[in-house]
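User: I would like to work through this model by question and answer. Please keep it brisk.

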Amino acid sequence: MKRSGAQIVWECLVREGVEVVFGYPGGANLPIYDAMRGYPSIHHVLTRHEQGAAHMADGYARVSGKVGVAIATSGPGATNLVTGIATAHMDSVPVVFITAQVSSKLIGYDAFQETDMTGITIPITKHNFLVTDVYEIMPALREAFYIARSGRPGPVLVDIAKDAQQALIDNWEYDHSPFKMRGYRPNMRPAPSSIHDAVDLINHSKRPLILAGHGILMSNAMEELRVITEKGNIPVAITILGKGVLPANHRLNLGMMGMHGEAWVNNAIQEADLLLAFGMRFDDRVTGNLNTYAVNAKKVHIDIDPSEINKNVKVDIGLVGDLKEILGQLLPLVETQNRVDWTDHIAEMKGNVSVRDIQNLPDNGHLYAAHVINDLWRFTSTDTVITTDVGQHQMWAAQYYHIDKPHKWVTSGGLGTMGFGLPSAIGAKFATPMSEVWTIAGDGGFQMTAAELSTLAQEGIKVNIAVINNGFLGMVRQWQEFFYDKNYAATPMKSPDFVKLADAHGLKGIRVTQRSQVEAAIREAQATEGSVVIDFKVEQEDSVYPMVASGSDLQDMIRRPRVLVETPKDS
């Protein structure tokens, strides 16, 4: 059958099982959009900015477990994807980005809207392609999807010249043969001797601790984690991307570690005699000062990417491979133990730390972000999907919104991308249309991609937006308070009326200024047919506690001043 290059793009997407793509048309990708209506099984979401398309594809991939797809034209359209590509790269999210390029005969001549996208994205993609021949389109796309989803997942970019999109192939057929790549066959089976050495450390440790990361979700190893945790009675500390790998209410789930993690979790890491790092990369926000990080602990690191082993933290045993498979090999060899002295000691540390107790925040008419997020958790179900933007609200959400199921928590971890929250929630909604979806955003990050409210309205889907509005770039202001003598340079922020902004997009807006109004607002948002924006006007100069200053020892935490946790006097 005769097919154009543009038609081949859609044919390949259909064969890869793609159901939704997020994109924006332009001059160089018009052939692709001209062919789009011939493939009604794929739903196209017109975003308001290409960065929004990238984050939507990212959120879709994280929640669905499938490969996300975003499309943009050449030049500024393609470069607008870069932040989203970097976000997916840092968090190992499988997304295929399809960009258009000027015609091949114009490449290298600074043609209108020509940009070297392969050169720009080499550092932030798992792989990328420049396609200048129609016969290369199908092989490149098949390879792109394979690379994106295999091994350590990640983003792949396919840049297709306009003349390749327009060219025709007679008697074209899709290649259904099993896909293989020469030189890309990673060995996912560690040596048996390494497995036995790791088991020996586990069985002889008195104070072991599992560090559970995003890799557990990506390898679908949640059940293996639960079994090995309960069998060995080994407590679990969670990275910010690992929320949901073990129910928050599980007796061995200690909570989040790191810069804004639980104090007892960080102390337990420092006192452990064995750290078992499962699908995490020892990020600096997790370790603090490397010279003093868990110096008395042996370390076993399991990761699918060999480059992560010994990259940040020197380990005693590195096991490279698929986490689910390796845990399956460890499970029958791990001995059943109670380790009651260790778990009781951690429980005692937790009991002595009251600075993070939600009940100790004053309920005196002021609206605190922690109260808002804790109430949101109380009034939503365990099937609710939560996405966040980046900043103080993100850390409060990680602390006070308890996730009990996998793939219900979506946030930008490695890159810390402001503007991620709303578009990722839209992608998450397309991944799970029947689920309740909320995004928790700050007033700063929300405004970076607030134009996607129009995408919500046009698509007619329901996402509830909780704006934690404190009138500052909150996390930057907190650092200025702690480390720059309260020099609030360029952090006070004047925002539009978010209720009127919602109305301008044809959506419902609600304003909340007191805690007594929180439940009613949440209930009203849930009962409203379309998307809702809630403007939570919270305490302006509240800070996230505890906090480990950048480069400080993990146990050296800044804690909430007592004045903020004392019960207020009656007015």
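User: Which residue of β20 is the bridge partner of K508?

Analyst: This is a predicted model, where local features need pLDDT of at least 70, side-chain atom pairs count only at pLDDT 80 or more, and totals for chains, interfaces and linings use all residues. Residues are numbered from 1 along each chain as its sequence is written, and side-chain values use heavy atoms, with hydrogens and water left out. Strand β19 (residues 508-512) and β20 run parallel, joined by five bridges; strands pair if DSSP finds at least two bridges between them. Within β20, K508 has as its bridge partner V532.

User: Which residue of β20 is the bridge partner of N469?

Analyst: Strand β18 (residues 464-469) also runs parallel to β20, with six bridges joining them. Strands here are DSSP runs of E, at least two residues, and helices are runs of H or I, at least four, numbered from the N terminus. The partner of N469 in β20 is K537.

User: How many residues of β20 are buried?

Analyst: Buried means under 20% relative accessible area, exposed over 50%, and partly exposed in between, using a 1.4 Å probe and protein chains only. Strand β20 spans residues 532-537 and is mostly covered. Of its six residues, the buried ones number five.

User: Why is helix α12 described as largely enclosed?

Analyst: Helix α12 covers residues 263-271. Its buried residues include W264, V265 and I269. The helix is largely enclosed by the rest of the structure because its buried residues number eight of nine.

User: Which helix gives the most to the largest nonpolar core?

Analyst: A nonpolar core is a set of buried Ala, Val, Leu, Ile, Met, Phe, Trp, Tyr and Cys residues joined through side-chain atoms within 4.5 Å. The largest one has 45 residues, and among those touching the most other members are F22, F97 and I465. With seven residues, the top contributor is helix α3 (residues 50-64).

User: Which residues of β20 does I465 contact?

Analyst: Contact means heavy atoms within 4.5 Å. Neighbours within four places in sequence are left aside, and the contacts of I465 include L422, F446 and L453. Strand β20 spans residues 532-537. From that stretch, I465 touches V532, V533 and I534.

User: Is S92 buried or exposed?

Analyst: S92 lies in the loop between α5 (82-90) and β5 (95-101). Its phi is positive, about 55°, although S92 is not a glycine. Most residues other than glycine have a negative phi. At 4% relative accessibility, S92 is buried.
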